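Colleague: Could you take me through one part of this model up close? I'd like to hear about the open sheet and how its strands are arranged.

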Amino acid sequence: MAKPSQLSVLLVSLVILFRGCLAANQQQWQQPNDCQINNLEALEPNNRVECEAGVVETWDPGHEQFQCAGVAVVRHTIRQNGLLLPQFSNSPQLVYILQGEGLTGTLFPGCPATFQSPQQGGFGESAGRSQQDSHQKIRRFRQGDIFALPAGVAHWCYNEGSTPVVAVVLLDVANNDNQLDRNPRKFHLAGNPHQEFQQQRQQEHFGGHQQCNNVFCGFDTRILAEAFNVEERLVRRLRSEKDYRGAIVTVRGQLQVARPPRTQSQREYEEDSSEYERSRGRYGGDNGVEETMCTTKLRENIGDPSKADIYTQGAGHITTLNSFNLPVLRWIQLSAERNLLHRNAMMVPHWNLNAHSIMYAISGSCHVQVVDSYGRSVYDGEVRRGQIMVVPQNFAVVKRARGSEFEWISFKTNDNAMISPLSGRTSVMRGMPEEILANAFQISREDARRIKYNNQQTTVIRSSQSQMRDEASVASA
């Protein structure tokens with residue numbers, strides 16, 4: 001039988017072990033959601049990789065803002081006839097086209113090759129040796145388009161226009177579909193590109209640069225030759241060991257792929273959204289049957305002002321993209337919002353109820369103020385074109401355009417992200433009784449009424465100077 005002293009030592013040891021395990025678990029649980037941020041910053045890319053036909057720029061994913069939101073950001077610039085080589089990621093992605101037009105392919109496993117090229121060669125013996133090429137659907141894109149890419153789905157992108165294609169890409173590394181870690185990873189199916197993110201490039205440098213950096217490099221050539229039923233000589237070309245072109249390469253001549261004629265594609269492009277909405281109305285909404293993975297709609301254009309959900313004349317507009325108008329977003333749990341403010345216009349103070357907001361400035365500049373849960377100002381400054389700022393969930397934020405129009409896109413970490421304004425017709429202040437406001441702020445009922453009703457606009461408002469000028473011009477007329 002154990003002595004009392006021995007039992008005491010055993011119990012103390014167990015308590016210490018239990019508390020240590022509990023502390024480790026709490027630390028592991030809290031670390032992914034560590035948003036103890038004292039100051040926010042407007043960030044620019046800190047890593048740049050030059051390729052044969054373009055540039056890949058990334059923001060530091062280890063920065064506390066990106067760690068808080070659980071995201072990483074990449075910007076691709078693809079020059080004319082440039083091809084972004086096939087790749088996939090461990091995280092769902094949203095791709096917004098800032099500029100340019102082209103073609104893209106999204107490769108879902110098991111989906112049929114529905115695009116076919118005409119038979120090469122004529123009749124007879126020569127035709128017998130030729131084989132018709134077929135592949136999965138190719139989609140066109142243009143400025144203002146946004147694409148949803150589920151985790152692990154391979155894709156490629158080609159610039160067929162005369163101007164560079166510029167795309168900003170959000171990777172949601174904290175998404176449940178990412179079963180690895182919070183490090184953004186790109187898995188390349190071709191070429192020998194450097195890793196895009198600085199952390200991975202440092203690891204690559206530390207371990208010595210490999211001559212091969214795509215998924216075929218680690219396989220034995222004999223195994224691959226047997227899998228593809230080709231010679232080892234051809235398999236070795238898949239390894240791209242001496243390919244130094246990077247992730248974006250030049251296509252010699254024009255890309256020759258099966259696709260509808262351009263005019264037909266444009267008509268299909270315009271009819272795509274309306275036909276989808278008609279089918280949803282005809283069948284009573286999304287029931288999971290009429291849309292399969294192979295025919296899932298992945299693209300929507302939010303750059304067209306006529307699609308705005310909120311519009312204030314002379315002030316600006318907001319276009320929202322969520323799982324209601326692009327159902328695939330329900331799968332990847334992301335959404336987006338494109339905004340435009342005219343000169344000196346304001347997006348009223350508000351907070352994001354259920355999502356982090358990752359703001360990318362498309363053009364112009366604005367004055368931004370952000371306040372945390374302690375009432376402290378964590379940012380009071382300018383955000384300019386090409387910069388990114390993360391506004392954590394529930395942090396209050398206000399934006400006012402500066403000397404010219406300000407455009408930006410906000411990526412949201414929820415498929416149905418919502419905001420709560422602090423002022424205006426749809427605000428939380430408008431929803432409170434006057435008596436509550438009077439007692440809460442120790443003001444008169446008249447002042448409470450002014451706070452509730454003086455701003456009759458919603459979300460996007462014009463500056464008081466602009467309104468006074470308009471009123472003066474009307475009076476003089």
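Modeller: Sure. The open sheet is built from six strands in the order β16-β17-β18-β25-β20-β23, with antiparallel pairing. Strands here are DSSP runs of E of at least two residues, numbered from the N terminus, and two of them pair if DSSP finds at least two bridges between them. At the edges you'll find β16 (310-312) and β23 (388-391); each has a single partner strand, so one side of each has no neighbour in the sheet. On average, neighbouring strands are turned by 15 degrees against each other, direction ignored; the axes behind that angle are lines fitted to C-alpha atoms, and angles run from 0 to 180 degrees between N-to-C directions.

Now zoom in on one pair. Strand β17 (residues 316-321) runs antiparallel to β18 (residues 335-341), and six bridges join the two. If you want a spot to click on, take G316: its bridge partner in β18 is L341. As background, strands of a sheet pair through backbone hydrogen bonds, either parallel or antiparallel.

Before you lean on any of this, remember that it's a predicted model: local features need pLDDT of at least 70, side-chain atom pairs count only at pLDDT 80 or more, and totals for chains, interfaces and linings use all residues. Residues are numbered from 1 along each chain as its sequence is written, and side-chain values use heavy atoms, with hydrogens and water left out.

How values were computed: Helices (H or I, at least four residues) and strands (E, at least two) are DSSP runs, numbered from the N terminus.
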